[in-house]
Amino acid sequence: MLERWQKEWQILLRVFVFFLLLLSLFRVVFLVFYYSEWNESGFGEALVAFWYGTRLSLKSAGHPVVFILLFCSVPIVFFENFKGKEKWRNFVIAFWIGIFTFLGFARYPYYQNFNSGFNGSIFLGVHEDPLVLLWTVNEKYPIWALIIGMIVVGWLVFRLWKKMVQGYYFSLPIFTSRIKMILYQ
C-alpha cells in the first residue's frame with residue numbers, strides 16, 4: 001500500500017502543476033490576444049494581471065486535485081485489485097481538461113461582448129430562454145470554429161498529460177534495520 005501511495009501523491013502533484021500551467025497558458029494567450037487592450041497601460045500592468053490571475057488559478061488547479069484524490073487515488077491505494085484505474089483516472093483528467101478548455105474558449109466571446117471577465121452577472125442568463133441564447137451565440141460568434149478549436153486543444157492537452165504522467169517516479173528508501181529507520185527519522 002505504501003508503494004502505491006508513493007506514486008499517487010506524485011501523480012497528484014503532477015496534476016496540480018499540470019492544471020496550473022494549463023490555466024496560466026490560457027491566461028498568457030488571452031493577454032496576447034487582447035494586447036491592444038492593455039498596451040496603453042504598459043507591460044507591467046499585464047504582469048500584475050498575470051500574477052493576480054495565477055494566484056486565483058492556484059485554487060482552481062486545486063479542485064481537480066481534490067476530486068482525483070477522492071475518486072481515483074484513494075480507491076487505487078486502498079483497493080489493490082481496482083480494475084481500470086488508469087482508464088478511470090484518464091477519464092477524470094479528460095473531464096477536467098474539457099471543463100477548463102471550454103471555459104478558456106468561452107472567455108473570448110464573453111470578453112468581446114461585455115468587456116470583462118466572467119463574473120456574477122453570468123448567472124442572470126439562467127432565467128433567459130436557452131434556445132434564444134444559443135441562437136444569439138450562433139449568430140454573433142463563430143461557434144463552430146470555437147467548438148473545433150476546443151476539441152483540438154483539448155485533445156492536444158490530453159496527449160500532453162499522457163506524456164507527463166509517464167515520467168519517472170521517486171521511491172522512498174527501504175530500510176533493512178531498525179537503527180537506519182530511527183536515524184532517518
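How far apart in helix α4 are arginine 89 and glutamate 86? They sit three residues apart, about one turn of the helix. An α-helix has 3.6 residues a turn, so residues three or four places apart point the same way. We'll come back to this pair after a look at the whole chain.

**Before we start**

This is a predicted model, so local features need pLDDT of at least 70 and side-chain atom pairs count only at pLDDT 80 or more, while totals for chains, interfaces and linings use all residues. Residues are numbered from 1 along each chain as its sequence is written, and side-chain values use heavy atoms, with hydrogens and water left out.

**The overall picture**

The protein chain has seven helices and zero strands, so reading from the N terminus you simply get α-α-α-α-α-α-α. Here helices (H or I, at least four residues) and strands (E, at least two) are DSSP runs, numbered from the N terminus.

Of the chain's 185 residues, 31% count as buried. Buried means under 20% relative accessible area, exposed means over 50%, and partly exposed is in between (1.4 Å probe, protein chains only). The chain exposes about 13100 Å², with carbon and sulfur atoms supplying 71% of that. Those areas come from the Shrake-Rupley method with a 1.4 Å probe; for residues, only the protein chains shown count as cover.

What about contacts, meaning heavy atoms within 4.5 Å? Among those between residues at least 6 apart in sequence, 77% join residues at least 24 apart.

**Helix α1 and its greasy patch**

Helix α1 covers residues 2-33, and valine 17 lies in it. Together with Trp5, Trp9, Leu13 and Leu21, Val17 makes a nonpolar surface patch of about 470 Å². Patches are made of residues with over 30% relative accessible area and no salt bridge: like charges are joined within 9 Å, and nonpolar side chains (Val, Leu, Ile, Met, Phe, Trp, Tyr) within 5 Å. Valine 17 itself has 34% relative accessibility, which is why it counts as partly exposed.

Serine 24 is also in helix α1, but at 11% relative accessibility it counts as buried. Setting aside neighbours within four places in sequence, serine 24 is in contact with Phe50 and Thr54.

**Helix α3, with a bend**

Helix α3 runs over residues 43-78, which makes 36 residues. From its first C-alpha to its last, α3 reaches 50 Å, close to the 52 Å expected at 1.5 Å a residue; that expected span is 1.5 Å times one less than the number of residues. The helix bends by about 45 degrees at leucine 69, where the bend is the angle between axes fitted to the seven residues ending there and the seven starting there.

Phenylalanine 50 belongs to α3 and is partly exposed at 26% relative accessibility. Not counting residues up to four places away in sequence, phenylalanine 50 touches Ser24, Arg27, Val28 and Leu31. The C-alpha atoms of phenylalanine 50 and valine 28 are 7.5 Å apart, with their places 22 residues apart in sequence.

Leucine 58 is in α3 as well, and at 40% relative accessibility it is partly exposed. With residues up to four places away left out, leucine 58 touches Phe16 and Leu20. Its C-alpha is 9.9 Å from that of leucine 21, which is 37 residues away along the chain.

**Salt bridges around arginine 89**

How many salt bridges does a search of the whole structure find? It finds two, a salt bridge being a side-chain nitrogen of Lys or Arg within 4 Å of a carboxyl oxygen of Asp or Glu.

| Salt bridge | N to O distance |
|---|---|
| Arginine 89 and glutamate 8 | 2.6 Å |
| Arginine 89 and glutamate 86 | 3.1 Å |

Arginine 89 lies in helix α4 (residues 85-114) and glutamate 8 in helix α1, so their salt bridge ties together parts that are 81 residues apart in sequence. Arginine 89 is buried at 1% relative accessible area, and glutamate 8 is buried too, at 3%. Glutamate 86, by contrast, is partly exposed at 34%. Because the salt bridges share partners, Glu8, Glu86 and Arg89 join into one network.

Right beside arginine 89 in the numbering, asparagine 90 also lies in helix α4. Asparagine 90 counts as buried, at 14% relative accessibility. Leaving out residues up to four places away in sequence, asparagine 90 touches Phe158, Trp161 and Lys162.

Key
Contact means heavy atoms within 4.5 Å.
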